[in-house]
Amino acid sequence: MLPLVIAPHPLLRQVAVPIDISAGRLKLRSFVKEMYKAMLHYDGIGLAAPQVGQSWRLMVMNTPGQPMAYFNPEILKTSWRKIIIEEGCLSVPDVYGLVKRPTRVQVRYQTIEGELKQAWLDGLWARVYQHEVDHLNGVLFIDKTKKFIKGAELVEKYLGNKKSNSLF
Ligand SMILES: [Zn+2]
């Protein structure tokens with residue numbers, strides 16, 4: 001099983017690099033399988049590559065039916081409407097907090113075949129997608145949390161020398 005990278009590990013604060021799918025499809029296919037396995041094993045609904053040790057722009061979500069992999073995922077547009085939802089993160093164990101994010105997002109990503117896809121997501125999957133893209137940009141949900149529901153006392157440890165927005 002791929003081990004989880006836990007905050008404040010510096011890998012979680014790096015901006016991940018784009019993936020050239022054609023350069024290593026076979027290797028990527030087996031890595032995505034490992035990511036699916038890890039996501040299910042650790043009981044996550046989404047997982048970004050930096051959380052399992054690779055600073056690549058790749059993430060997976062446990063979408064209904066079968067999990068999906070998103071290569072070089074982008075957010076093109078966001079809804080004006082925002083919603084506050086409780087979030088947690090496998091890399092920030094035992095902390096839960098309220099995060100405000102757009103309700104809907106227009107996304108673009110590549111499949112393992114290198115096909116470019118575009119879609120609007122809403123509900124849970126809009127939320128997970130935004131959380132995982134944040135990971136690829138070195139951002140954790142605790143940076144954006146205004147109110148912690150559980151584990152507030154652990155947050156400073158996970159932030160390391162990064163200052164929390166919630167202090168302001
Ligand atoms: Zn996370």
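**Working through the zinc site and some backbone oddities**

In this predicted model, the zinc ion has three protein donors, Cys89 (SG), His131 (NE2) and His135 (NE2), at 2.0 to 2.2 Å from the metal.

**Exercise 1.** Work out how the donor residues of the zinc ion are spaced in sequence, and which parts Cys89 and His131 tie together.

*Solution.* Start with the pattern: the donors follow C-x41-H-x3-H. Next, place the residues: Cys89 sits in strand S4 (residues 82–89), while His131 belongs to helix H2 (residues 123–136), so this pair links parts 42 residues apart in sequence. Finally, check the surroundings: Cys89 and His131 are both buried.

**Exercise 2.** Find which peptide bond from Ala7 is cis or trans, and say where Pro8 lies.

*Solution.* Look at omega first: for the bond from Ala7 to Pro8 it's near 5°, which makes the bond cis. Then locate Pro8: you'll find it in the segment before helix H1 (25–41). For context, most peptide bonds are trans.

**Exercise 3.** Take Asp43 and Asn72: is each one buried or exposed?

*Solution.* Begin with the backbone. Asp43 has a positive phi, near 65°, and Asn72 has one near 50°, also positive. Neither is glycine, and most residues other than glycine have a negative phi. Now place them: Asp43 is in the loop between H1 and strand S1 (46–48), whereas Asn72 is in strand S3 (residues 68–78). Last, apply the cut-offs. Exposed means over 50% relative accessible area, so Asp43, with 70%, is exposed. Buried means under 20%, so Asn72, at 14%, counts as buried.

Notes:
Residues are numbered from 1 along each chain as its sequence is written. This is a predicted model: local features need pLDDT of at least 70, side-chain atom pairs count only at pLDDT 80 or more; totals for chains, interfaces and linings use all residues. Side-chain values use heavy atoms; hydrogens and water are left out. Donors are N, O and S atoms within 2.8 Å of the metal (3.2 Å for Na, K and Ca); water is not among the atoms, so sites may look incomplete. Helices (H or I, at least four residues) and strands (E, at least two) are DSSP runs, numbered from the N terminus. Buried means under 20% relative accessible area, exposed over 50%, partly exposed in between (1.4 Å probe, protein chains only).
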